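Subject: Handover of the structure, with notes

Dear colleague,

I am passing the structure on to you with this message, and my notes on what was found in it follow below. Please open the model alongside the text as you read.

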Amino acid sequence: QVQLVESGGGLVQPGGSLRLSCAASGILFSIYDMDWYRQAPGKQRELVARVTRRGNTDYPDSVKGRFTISRDNAKNTVYLQMNSLKVEDTAVYYCNANGWGNYWGQGTQVIVSS
């Protein structure tokens, strides 16, 4: 059974930082591209970071320079370091594994508010 379990969300003030984690089980983690998506109320789910199985990363302009994705294949975990958070970063953040199948976590809420 495949499981992706996100953690690390919470309430943070604008300009603050959070680190999200996504622990995977039931898949050969190292061969999957790992993504972080987010979905704000009333908006479509959007990709915010990708790390390929080879370790290449990609970000949309909206988070480039503020968010950093990384992976630890020994721990079957992908991370999202989010710095300089803005109110508009408020959303549910989801982990996605894309490879021999496509799998989603349950999401973790991030609220950026003063």
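A salt bridge, as the term is used here, is a side-chain nitrogen of Lys or Arg within 4 Å of a carboxyl oxygen of Asp or Glu. Please bear in mind throughout that this is a predicted model.

**Salt bridges**

With that meaning, the side chains of Asp89 and Arg38 form a salt bridge, the N to O distance being 2.8 Å. This pair connects distant parts of the chain, since Asp89 belongs to the loop between strand E8 (77-82) and strand E9 (91-99), whereas Arg38 belongs to strand E4 (residues 33-39), 51 residues apart. Asp89 is buried, with a relative accessible area of 0%, and Arg38 also counts as buried, at 6% relative accessibility.

Asp89 has a further partner in Arg66, and the side chains of these two residues meet in a salt bridge at 2.7 Å, N to O. Arg66 is found in the loop between strand E6 (57-58) and strand E7 (67-72) and Asp89 in the loop between E8 and E9, so this pair ties together parts that are 23 residues apart in sequence. Both Arg66 and Asp89 are buried.

Arg38, for its part, is also joined to Glu46 by a salt bridge between their side chains, again given as N to O, at 2.7 Å. Glu46 is partly exposed, with a relative accessible area of 33%, while Arg38 counts as buried. Through shared partners, these salt bridges bring Arg38, Glu46, Arg66 and Asp89 into one network. A search of the whole structure finds five salt bridges.

**The nonpolar core and Cys95**

The largest nonpolar core contains 29 residues, and those that touch the most other members are Met34, Trp36, Ile69, Val78, Leu80, Met82 and Tyr93. At least two residues of this core come from each of strand E3 (18-25), E4, strand E5 (46-51), E7, E8, E9 and strand E11 (108-112).

Cys95 is worth a separate look. Cys95 is located in strand E9 and counts as buried, with 0% relative accessibility. Leaving aside residues up to four places away in sequence, Cys95 touches Leu4, Glu6, Cys22, Met34, Asp35, Trp36, Val78, Tyr103, Trp104 and Gly105. The C-alpha atoms of Cys95 and Ser7 are separated by 10.0 Å, and these two residues are 88 residues apart along the chain.

**Backbone angles**

Most residues other than glycine have a negative phi. Asn76, although not a glycine, has a positive phi of about 55 degrees, and this residue sits in the loop between E7 and E8, where Asn76 counts as partly exposed at 25% relative accessibility. Ser84 is likewise not a glycine and has a positive phi, of about 50 degrees; Ser84 lies in the loop between E8 and E9 and counts as partly exposed, at 42% relative accessibility.

With best regards

Notes:
Residues are numbered from 1 along each chain as its sequence is written. This is a predicted model: local features need pLDDT of at least 70, side-chain atom pairs count only at pLDDT 80 or more; totals for chains, interfaces and linings use all residues. Side-chain values use heavy atoms; hydrogens and water are left out. Buried means under 20% relative accessible area, exposed over 50%, partly exposed in between (1.4 Å probe, protein chains only). Helices (H or I, at least four residues) and strands (E, at least two) are DSSP runs, numbered from the N terminus. A nonpolar core is a set of buried Ala, Val, Leu, Ile, Met, Phe, Trp, Tyr and Cys residues joined through side-chain atoms within 4.5 Å. Contact means heavy atoms within 4.5 Å.
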